[in-house]
Every structure is written in C-alpha cells, then in structure tokens.
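This report looks at charged side-chain contacts and at how accessible the participating residues are. The sequence and structure come before the discussion.

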Amino acid sequence: MGEAVRVLDVTLGERSYPIRIGSDLLDDPAPLLAALGRKRAFVVTNETIAPLYLQRLLAGLRARGVNVSAVVLPDGEAHKDWTTLNRIYDALLSGMAERSTTLIALGGGVIGDMTGFAAATYQRGVPFIQIPTTLLSQVDSSVGGKTAINHPLGKNMIGAFYQPKLVLADISALNTLPDRELKAGLAEVIKYGLIRDLPFFEWLESNVERLLARDPSALAEAVERSCRNKAEVVAADETEQGERATLNLGHTFGHAIETGMGYGVWLHGEAVAAGTIMAAALSRLLGWLTDGDTTRIAQLFARAGLPVQGAPLGADRYLELMRHDKKVADGQLRLVLLKAIGRAVISSAASESQIRAAIEACGG
C-alpha cells in the first residue's frame, strides 16, 4: 500500500476545488463521483493515453452507474487548434450532452487545455475535471483554470479562465511517461523554486536524481510542493492581473521557441527551460543575479536533462514572436525576471539591446 493521498485546496470562494495527489487514484472513483453533478460524463483523451488508462477509468465509472462516453483525439501540441477542438464539440452535440454533463480531461497539458476550453464554451459552460497524466500537467497546467488553444501566430492566445471541479494527480501514471516528457515536466517544477520558494529550489538540487529515477515519494513531494505554490498564487490572482504572471518565468522566450520552431518540435517544458536560462541571463545583465546564481540555475536544468541553450532563431525572430505575448501592455514587453533565486518580478526594465544580448548569449 502506498503513502496516504495528499489533498490541497485551491481557494477561490464558490469556485474552490481540491487537488488530490497520490498513487493508483484511478482505481478509486469515489472522488470523481462526488465531483459529478449528474451521472453523465464525457472523457476526452488522446491516442497515446487511451490504450493505457481509458478503459480502466470508463469501467470504474460505469460500474457505479455513470453514463460515460469517450472522445479520443490525436496526440501532440500540433493538434491544439480549432480543428481538433471541434471534434470535442461534435461529440458533445451528437451525444446530446447537456449543461449538467461533466467533461473529464484524461491526459497531459494539451488535453487539459482543450477540454477546459471546450467546457468553458459548450452551452456557455459545463463542469469539468482534470486527470493529468504527465508531470508537467500535474504540477502546472491542470491547476488554476487556464484553458486555451494555439494560433499560428501565438501559443495559447485563444482561451478562457475556467476552473475545474477537481484535479486528480495520479503519480502512478508517471510510470508510463517517456523520459523526455518527465524531464520536460521538471522545468515547471524548478520554476516554482526560482520564482517564490528558495527552500524548494534547494530541495530540488538535492533530489533531482530521485525525480529522474521516478521515486514515488520524491515525485509526490515535488507535485505537492509545486501545486501548493501554484494554488497560493492562483488564490491571490485568479485572472493574472499581477502576481500570477510570475508563473510565466521563461515562458515569453519559450513560447517564441515553440511557435518559431513549429508546435511540438520542442516540448513545452524544454522551451521553458531554455527560456528561463534566457530570463536569468537578462536578470544578470540588469545586475540582479550574480554569475554564481546563473551558473547554479543552469546546472540544475542541465542535471534534469533539459536544454540550457535556445533554438537558433535569431534575436529578430525572437523579438517578433515575443511581441505577440499576452504580457505585452501598451505595446511594452513585460518580462518575468529574477531579483534573486526565489524572488521573481514582472519588469519592463530591460532595453531591447539587453534582451537581444541575453538571447544571443544563450544560443538564440
């Protein structure tokens, strides 16, 4: 028998919900049943996850009287678009889904984002539940209610803030995760230490090899501490008017890599890792970090098996793509930077020449 289930709450008044973290949670449908308003649901998943976990989830729900159907989508960031989203709407409409029908996202960040967006918009809003199956989605995208699809000109530019009823993070699902995906998830884990939790960053420096070896207790600890950090930020700033934007450390540079290279060529976490190295380099140019700080940050990403050099797009292309970022305000590019390890700020202090220098110093 594994360790006890860890439960956190995202505190948002009437939209509050629990995050349950533990092993073999898919074998216990009770929390799912409690979150279902009516016994009618659609599971949205992809072609990679369906053979691994879909029948197990469907069987457990059907055995308890839930009328549940499945929508299986193609896998990958390249399919996070209107065409694939419409396949969810098609299934809901042809299946006579009502406003009380719950959507269940079974998969990684792409599935969670698209299912959440479908839930936010189908009949102007239906309930949904997140069952994230990748490390990245367990520690980041499943929590906080950001939902979106991509546009050729920018990542996650079309979406809505829409909170789930429940997040079920089954650590056991990480056993089937490819090594590359596991490492990509660690980029978002490291992010929490960098932006607001120095003790967690130090813990990661001591435990990154345990995480790479998929030690269950280390993974549960990393997921819980990441989710706790995110839950606190989301509770304080649900719709990203201030502090929540710090969760995007490395993302402005990283989204430029994803868009510029073509969605799916670089995994999201890989791009975020390289983008965070660029943000750290820029913070060093502004005099906020020391050379020792930037070396320490790069060493942890490298030990996690993540890139510490950006895609060679050229500074002009980076800047062109970064100007489509959601943090641009009044035409001014605002970046998440580091005053210190464990303290992020949102700043427009960097000049274009400094941003260029940081990009070029990191292989961009």
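## Arg 284 and its partner

In this predicted model, Arg 284 has a relative accessible area of 32% and is therefore classed as partly exposed, since that class lies between the limits of 20% for buried and 50% for exposed. The side chain of Arg 284 forms a salt bridge with that of Asp 291, with a distance of 2.7 Å from N to O.

## A pair with both partners partly exposed

Another salt bridge joins Arg 210 to Asp 215, and here the closest N and O atoms are 3.2 Å apart. Arg 210 counts as partly exposed because its relative accessibility is 33%, and Asp 215 falls in the partly exposed class because its relative accessible area is 25%.

## A buried pair between distant parts of the chain

The side chains of Lys 80 and Asp 113 also meet in a salt bridge, at 2.7 Å from N to O. This pair links distant parts of the chain, 33 residues apart, with Asp 113 located in helix 4 (residues 109-121) and Lys 80 in the loop between strand 4 (67-73) and helix 3 (82-94). Both Lys 80 and Asp 113 are buried.

## The network and the total

Salt bridges also connect residues into a network, whose members are Arg 6, Glu 221, Glu 224, Arg 225 and Arg 228. How many salt bridges does a search of the whole structure find? The search finds 25, among them the contact between Asp 113 and Lys 80.

Terms used:
Residues are numbered from 1 along each chain as its sequence is written. This is a predicted model: local features need pLDDT of at least 70, side-chain atom pairs count only at pLDDT 80 or more; totals for chains, interfaces and linings use all residues. Side-chain values use heavy atoms; hydrogens and water are left out. A salt bridge is a side-chain nitrogen of Lys or Arg within 4 Å of a carboxyl oxygen of Asp or Glu. Helices (H or I, at least four residues) and strands (E, at least two) are DSSP runs, numbered from the N terminus. Buried means under 20% relative accessible area, exposed over 50%, partly exposed in between (1.4 Å probe, protein chains only).
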